[in-house]
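Me: I'd like to learn how to read a few features off a model. Can you walk me through them?

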Amino acid sequence: MNPADPSSGKPAASFQAVFGPLNLDAEVPLAIGGDRHIFQHPHMPSLLVKVMDMQARAVYLEARPFKRWYKQYQRESAYRVYLNEISEYVTTTTRPSGVWQVPMARILGLAQTTLGLGLVVEKICDEAGNIAPTVADLARQGRFDAALSEQLDEFFDDLADAHVVLHDISASNVACGLNADGKQGLYLIDGFGVLPLIPLYAWSKRLNRRRIQRKYARMRASLAQRFGLPAA
């Protein structure tokens, strides 16, 4: 994944090729989340660029006057989500835990794009190099089997062991595929970071684990209801 890896025998990509300015005006998003568009990095096949959807954010805040009021005092504005994710990524991937490698898509940094500031992240791929399906995609396609169910249980146990704080436990936030090193597995791609003003779950690993277990049970119940799958 490192463009400057001397062992690859290939010339290093320039800083501008990786971190911009990147022209995304004519690009079609690979995926669209609640508040962001996900683009293929135009120069690096192993990377994605997440860009804020300011229109969706405006619609969201329009219906929430109190949240709109206090967010006007946040200097980082909509991009606070980047800080939350970077902080959680740094915290959970550098502290000792029972997990050898935290199963998260890696964050590389920020890039200037024609659509605003973008977050550059590792691309989790399928065998053909396309963006990997999420657990929700696999359930929708009838590919959620007993092996994946067991793997998903272990995945959320690992996140709890690593004390990753999750604010949105969703089957759409877990990708199943290969990371940039070619390692097959489940990877957290969104929904992490500390949001509350009082970071209770960041302070207490025990409370965070119980919260993950509770929200994971709800996620499995939702999958069971929507796709006729067994609950956790």
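Me: How many salt bridges does a search of the whole structure find?

Reply: Some ground rules before that. This is a predicted model, where local features need pLDDT of at least 70, side-chain atom pairs count only at pLDDT 80 or more, and totals for chains, interfaces and linings use all residues. Residues are numbered from 1 along each chain as its sequence is written, and side-chain values use heavy atoms, with hydrogens and water left out. A salt bridge here is a side-chain nitrogen of Lys or Arg within 4 Å of a carboxyl oxygen of Asp or Glu. With that rule, the search of the whole structure finds eight.

Me: Which residue meets Arg 36 in a salt bridge?

Reply: Glu 85, with 2.5 Å from N to O. To place the two, use DSSP runs: helices are H or I with at least four residues, strands are E with at least two, and both are numbered from the N terminus. Arg 36 sits in strand β2 (residues 36-40) and Glu 85 in helix α4 (residues 80-94), so the pair, 49 residues apart, links distant parts of the chain. There's also a network of salt bridges that takes in Asp 35, Arg 36, Glu 85 and Asp 190.

Me: Is Arg 36 buried or exposed?

Reply: The scale is relative accessible area with a 1.4 Å probe, protein chains only: buried is under 20%, exposed is over 50%, and partly exposed is in between. Arg 36 comes out buried at 2%, and Glu 85 is buried at 1%.

Me: Where do Arg 140 and Asp 137 lie?

Reply: Both are in helix α5 (residues 135-140), three residues apart, about one turn of the helix. Their side chains meet in a salt bridge at 3.0 Å, N to O. Arg 140 is partly exposed at 49%, and Asp 137 is partly exposed at 24%.

Me: What is the partner of Arg 220 in its salt bridge with an Asp?

Reply: Asp 153, with the closest N and O atoms 3.3 Å apart. This pair links distant parts of the chain, with Arg 220 in helix α8 (residues 205-227) and Asp 153 in helix α6 (residues 146-161), 67 residues apart. Arg 220 is buried at 1%, whereas Asp 153 is partly exposed at 29%.

Me: On to empty space. How many cavities of 30 Å³ or more does the structure hold?

Reply: Rolling a probe the size of a water molecule over the atoms shows where empty space is left. In grid terms, a cavity is a set of points, on a 1 Å grid over the protein atoms alone, where a 1.4 Å probe fits but cannot get out; lining residues have an atom within 4 Å of a point. Points are joined across faces, edges and corners, and a volume is the space filled by probe spheres set on them. The structure holds two such cavities. The largest has a volume of about 40 Å³, and the second largest about 30 Å³.

Me: Which residues line the second largest cavity?

Reply: Among them are Lys 50, Glu 85, Leu 119 and Phe 192. So Glu 85, already met in the salt bridge with Arg 36, turns up in this lining too. For the chemistry, Ala, Val, Leu, Ile, Met, Phe, Trp, Tyr, Cys and Pro count as nonpolar, Asp, Glu, Lys and Arg as charged, and the others, Gly among them, as polar. This lining divides into seven nonpolar, no polar and two charged. The lining of the largest cavity has nine nonpolar, two polar and one charged, with its largest share, three residues, from helix α7 (residues 200-203).

Me: Which strands does β5 pair with, and how many bridges join β4 to it?

Reply: Two strands pair if DSSP finds at least two bridges between them. Strand β4 (residues 107-113) has six bridges to β5, running antiparallel, and a hairpin joins the two through two residues. Strand β3 (residues 47-52) is joined to β5 by five bridges, also antiparallel. Five of the seven residues of β5 (residues 116-122) are buried, so this strand is largely enclosed by the rest of the structure.

Me: How many residues does the largest nonpolar core have?

Reply: In soluble globular proteins, nonpolar side chains tend to be buried together. A core here is a set of buried Ala, Val, Leu, Ile, Met, Phe, Trp, Tyr and Cys residues joined through side-chain atoms within 4.5 Å. The largest has 38 residues, and Leu 152, Phe 156, Val 164 and Leu 166 have the most contacts inside it. Helix α6 gives the most to this core, with six residues.

How values were computed:
On a 1 Å grid over the protein atoms alone, a cavity is a set of points where a 1.4 Å probe fits but cannot get out, and a pocket is an open set with protein on both sides within 12 Å along at least five of seven lines; lining residues have an atom within 4 Å of a point.
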